[in-house]
Amino acid sequence: MDLDADDAAHADLAETRFVHLRHPGDSNLIHLSRRDPQLKALLLHLVGQGFLVYKFSNDDGAVTSFVHAKAAPRFWARHTQFGLREHDGVCYLLEKPAHAPARRLLVVFSSMSQVDQMYEAGFSARYLARNLSQAPKYMPWDTAILRIADLGGVVGAFYTDTLAQPDNEARVSALITRVMAELDIEPRHTVLYGASKGGSGALLHSLRTGLNAVCVEPILSDDYYVRRYRDSHFTCGVFPRDKRELFSAALATACPPARRLLIYSSQSPQLPYIRDIAMASAEGRNMAFIDVQNPAISDHPDVAPASLGLQVTLLNQLLCGVDVDPAQLDALRAANRS
């Protein structure tokens with residue numbers, strides 16, 4: 001359906017799969033909505049009905065194109081050349097070992113894309129950051145790597161339910177279980193991993209599934225990005241509840257037991273949320289927290305690259321089914337203290 005911006009708010013979009021929206025400006029609607037409240041309201045109106053931005057053109061005036069979430073996964077997978085798969089509305093990449101059957105599984109949840117890509121129109125730029133891109137070199141040789149795309153919301157769904165996709169969490173967890181069954185991989189040799197937004201996903205789905213996890217500075221509340229950066233992650237009006245409420249509830253109840261390791265930095269502005277929501281929770285008493293202090297860290301995005309060696313150490317140990325005992329944790333904490 002072709003629409004003008006002035007007509008979109010009142011258009012009947014039932015059964016519509018594609019919307020091509022003509023609007024003022026010289027960039028896509030995500031970019032423009034960061035400085036235009038009316039265009040942001042229009043964007044959120046369409047996202048609230050399940051539409052996702054997938055393309056921008058400016059041949060004869062600006063046009064941002066949307067595809068409905070019901071059609072988006074197969075549409076995206078069909079139009080890519082890099083092996084993207086789709087199952088039950090979840091898009092993913094699966095890299096198997098080259099020379100033998102997989103005996104271990106590393107599940108990678110994408111972080112937010114870099115600033116210059118976070119607001120791009122294309123799905124791959126926004127929803128599938130290639131974190132730990134050299135993972136096959138660093139992990140045991142018989143490790144399969146499952147990368148799950150964060151398809152949903154405006155710049156990602158944080159692997160949680162959204163108003164338009166209220167079953168997103170269940171479908172993501174089900175995909176992990178399905179891949180484990182297909183590859184015949186035991187839970188003790190499966191590890192969930194992510195940094196920032198990906199850390200949120202890894203932690204949430206570890207709490208849901210009982211699988212081990214290494215989480216790097218997960219975002220546990222929307223507060224900082226709503227106040228400091230005017231809702232730069234487009235969470236207001238997109239999710240049924242703030243992540244503080246989501247994670248507080250998830251961490252307050254008994255969860256399937258697992259080894260959950262959370263890397264954070266006391267030099268990061270995310271410290272108050274990690275301290276108050278995770279560390280202070282009932283389930284937090286069963287988690288291990290490692291504070292990385294490094295002169296290279298001045299903000300939240302610095303924590304993941306500054307702790308890469310620590311992440312690889314922990315991932316390898318858990319993938320091999322070896323627990324991280326208290327003495328090792330003390331040594332790792334001491335080694336990462338400034």
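These are my notes on one histidine, some aromatic pairs and two charges over rings.

**Model.** I am working with a predicted model.

**H205.** I looked up H205 first. I found H205 in helix α9, which covers residues 197-209. I then checked its exposure. H205 has a relative accessible area of 0%, so I list it as buried. Next I asked which residues H205 touches, leaving out those up to four places away in sequence. My list holds F109, Y159, E169, V172, S173, L192 and G210.

**Aromatic pairs.** How many aromatic pairs does a search of the whole structure find? I get 13. I looked at F18 and F75, which pair edge-to-face. Their centres are 5.3 Å apart, and their planes make 70 degrees. This pair links distant parts of the chain, with the two positions 57 residues apart in numbering. F18 belongs to strand β2 (residues 18-22), and F75 belongs to helix α4 (residues 72-78).

Are these two rings buried or exposed? F75 is buried, because its relative accessible area is 15% and the cut-off is under 20%. F18 comes out at 29%, so I note it as partly exposed.

I also looked up Y224 and Y229. They form an edge-to-face pair, at 5.9 Å centre to centre and 75 degrees between the planes. Y224 is buried at 9% relative accessible area. Y229 is partly exposed at 31%.

**Cluster.** I followed the ring pairs from F18 and F75. They join a cluster with Y54, W76, F123 and Y127.

**Charges over rings.** Y127 came up again here. R126 lies over the face of Y127, 4.6 Å from the ring centre. I noted K243 too. Its charged end sits over the ring of F158, 3.6 Å from the centre.

Note on methods
Residues are numbered from 1 along each chain as its sequence is written. This is a predicted model: local features need pLDDT of at least 70, side-chain atom pairs count only at pLDDT 80 or more; totals for chains, interfaces and linings use all residues. Side-chain values use heavy atoms; hydrogens and water are left out. Helices (H or I, at least four residues) and strands (E, at least two) are DSSP runs, numbered from the N terminus. Buried means under 20% relative accessible area, exposed over 50%, partly exposed in between (1.4 Å probe, protein chains only). Contact means heavy atoms within 4.5 Å. Rings of Phe, Tyr and Trp (its six-membered ring) pair if their centres lie within 6.5 Å; planes under 30 degrees apart count as stacked, over 60 as edge-to-face and the rest as tilted. A charge sits over a ring if NZ of Lys or CZ of Arg is within 6 Å of the ring centre and within 35 degrees of the ring normal.
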